[in-house]
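Got your viewer open? Let's take a short walk through this model, one selection at a time.

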Amino acid sequence: MKIGFIGLGIMGESMCENIVKKHNDEVFCSDLNPAQVEKLVSLGAKGCASNIEVAQKADVVISMVPKSEHVKAVYTELLPYITEDMICIDMSTIDPSVSVECANMIKAKGAQFADAPVVKSKPAAIAGELGILVGCDESLYETIKPILLYMGCNVIRMGENGAGLAMKICHNTLCAEIQNGVNETLLLARSMGITPEQFHTAVSYGGAQNFYLDAQWENIAKENYTTAFSLENERKDLGICQSLAEQQGIAMPGADHAKSIYDKGFDAGIGKEDWRATYKVVRGDYD
C-alpha cells in the first residue's frame, strides 16, 4: 500500500518522517516549499512536483494543511484523479462542515475519506506519540488505524465524518481556557513573589495540575516563544469553536474570553509566535 503525504509544515514533516521510517512500502510527498520535500527525500520518501502526482502514485493520500480553504482546494484539485480504491485522510484542523463537504465529494467518486486531526504538538509529532481523533465509517477506521499508529500512540474513533474535527475543536478550546487560567494565576503569583517553578510545583500538589503548565512553565519563565504551535492557528480554532457554538445555540463565555486574548495578540503582530505568547497579552504588554 503506497502512501502519499501532502503538507510538510511544522507538524506534517515529522508525521511524514515517521511514516517513512515505519512503513514497508513507498511513501510519496509534496509541499509548496521544495526544500521541505527534499528534506523528506533525504530520509527515504519519494518527492513529487505536485499534489496531483501524489494522488496518481499513492493508494492512501494524507493531507496536513493549515486551513479549511486549503483542504477544500487540495481535494477539489485531486478529485479528477481519485479512484474507487483510494483512501483519503485529512489530518488538518478545520471546520467540520468543510471536512464533511470534502468527504461527500470523495465518496461520490467511490473512494473513502476520514478526518483525523491530531492533538499535542511538535515534540509528540517527532516521537510518533500524537493523539489522533478520527471521524469516518467504522470499517474504514479499522483499515487506517495501523497507518495512524505510525504517527500517534493514542488513536480513537469519535464517530462519522466530521466527528474527529468536532472533538479536536472542543479539545483545543479547552486547552485555550486552561491556558488562560494558567496565564492569569501565574501572573498574580509572580506579582506576589512566587517563582514560576514554585507555582508549578505547588499546583502539581493539587487539583489544578494540568498538562499545559507542566509542559510550558519553563518556556514562559524564560520568555521562550519559539513556535511549536502558533498563536494564529489556535486563534483560528477558537473562531471555529465560536461558529459551532452559535450553530448549536450554546453560550461559551470562557471560550469567547480566550478568543479575545488571541485576537489581541494577533492584532499586535505576534500571530507567528508560539501560542504561549498569550502570556504576554495577559501581562498587558500590548495594552
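Before we start, helices and strands here are DSSP runs, numbered from the N terminus, with at least four residues for a helix and at least two for a strand. Bear in mind that this is a predicted model.

Start by selecting residues 12–22 and 34–41, which are helices α1 and α2. Their axes come within 10 Å and cross at roughly 25°. Angles under 35 degrees count as roughly parallel, so α1 and α2 are roughly parallel to each other. The crossing of the two is right-handed. Now show side chains: from α1, Glu 13, Cys 16, Glu 17 and Val 20 meet Gln 36, Lys 39 and Leu 40 of α2. By type, the residues of this contact split into 3 nonpolar, 1 polar and 3 charged.

Next, pick strand β5, residues 87–90. Ile 87 and Ile 89 point one way, Cys 88 and Asp 90 point the other way, and all are buried. Add strand β4, residues 60–63: β4 and β5 run parallel and are joined by 4 bridges. To find one pairing by eye, click Ile 62, whose bridge partner in β5 is Ile 89.

Now for some backbone oddities. Go to the loop between β7 (118–119) and α6 (122–127), where Lys 120 sits. Lys 120 has a positive phi of about 80°, though it is not a glycine. Lys 120 is partly exposed, at a relative accessible area of 42%.

Last stop: the loop between α10 (211–221) and α11 (231–248), home of Glu 223. Glu 223 isn't a glycine either, yet has a positive phi of about 55°. With 36% relative accessibility, Glu 223 counts as partly exposed.

Notes
Residues are numbered from 1 along each chain as its sequence is written. This is a predicted model: local features need pLDDT of at least 70, side-chain atom pairs count only at pLDDT 80 or more; totals for chains, interfaces and linings use all residues. Side-chain values use heavy atoms; hydrogens and water are left out. Axes are lines fitted to C-alpha atoms, for helices over the stretch in contact, and angles run from 0 to 180 degrees between N-to-C directions. Angles under 35 degrees count as roughly parallel, over 145 as roughly antiparallel, 65 to 115 as roughly perpendicular and the rest as oblique. A crossing is left-handed if the near helix is turned anticlockwise from the far one by less than a right angle, and right-handed if clockwise. Contact means heavy atoms within 4.5 Å. Ala, Val, Leu, Ile, Met, Phe, Trp, Tyr, Cys and Pro count as nonpolar, Asp, Glu, Lys and Arg as charged, and the others, Gly among them, as polar. Buried means under 20% relative accessible area, exposed over 50%, partly exposed in between (1.4 Å probe, protein chains only). Two strands pair if DSSP finds at least two bridges between them.
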